[in-house]
Amino acid sequence: MKENKKIELIEDFFTSPISVKYLGDILLKCMDKELIGVYNIASSEVIDKFTFGERVAKRFKLSLKNVTRIKNKFHKNKNKRALTLGLDVSKIEKDLDCSMPTVDETINNLYDEYKEIK
């Protein structure tokens, strides 16, 4: 978006995005608590990729003029993929006694990291 290139964002594909910084912080907490097992580490919300892109654009003050909303193409090819890759984070929240970040908290974290780099 920053370079005004054409971008397609999928409106019917869902995920639970998290920033690398949040992921790293949570992994360190897991190590401190010596957690063992399978845990989902992600944002506490599920969001479609188009809406995520809209929110990122708004936070970073970027234009959506070259962004096109599209439907998921994965279901049409031979490599079928689930349309929802959102994760249940209740187990990690319970075992760490904390809340996973929301989508907006994740976007704000990304924005803050971006500003630090600039």
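**Reading helix H1, Lys115 and the whole chain**

Modeller: In this predicted model, helix H1 covers residues 20-32, and its 13 residues reach 18 Å from the first C-alpha to the last.

Biologist: How do you know what span is expected of helix H1?

Modeller: The expected span is 1.5 Å times one less than the number of residues, and for the 13 residues of H1 this gives 18 Å, so the 18 Å reached in the model is close to expectation.

Biologist: What follows just after H1?

Modeller: Just after H1 comes Glu34, which takes a positive phi of about 55°.

Biologist: Why is Lys115 called partly exposed?

Modeller: Buried means under 20% relative accessible area and exposed means over 50%; Lys115, which is found in helix H4 (residues 103-117), has 44% relative accessibility and therefore counts as partly exposed.

Biologist: How far is Lys115 from Val38 in space, given that they are 77 residues apart along the chain?

Modeller: The C-alpha atoms of Lys115 and Val38 are separated by 34 Å, while the C-alpha atoms of the protein chain fill a box of roughly 45 × 40 × 15 Å along the principal axes.

Biologist: What makes up the chain, and in which order do its elements run?

Modeller: The protein chain has four helices and four strands, and from the N terminus on they run β-β-α-β-α-β-α-α.

Biologist: What share of the contacts with a separation of 6 or more comes from residues 24 or more positions apart?

Modeller: Such residues account for 88% of those contacts, and of the 118 residues of the protein chain, 27% count as buried.

Methods
Residues are numbered from 1 along each chain as its sequence is written. This is a predicted model: local features need pLDDT of at least 70, side-chain atom pairs count only at pLDDT 80 or more; totals for chains, interfaces and linings use all residues. Side-chain values use heavy atoms; hydrogens and water are left out. Helices (H or I, at least four residues) and strands (E, at least two) are DSSP runs, numbered from the N terminus. Buried means under 20% relative accessible area, exposed over 50%, partly exposed in between (1.4 Å probe, protein chains only). Contact means heavy atoms within 4.5 Å.
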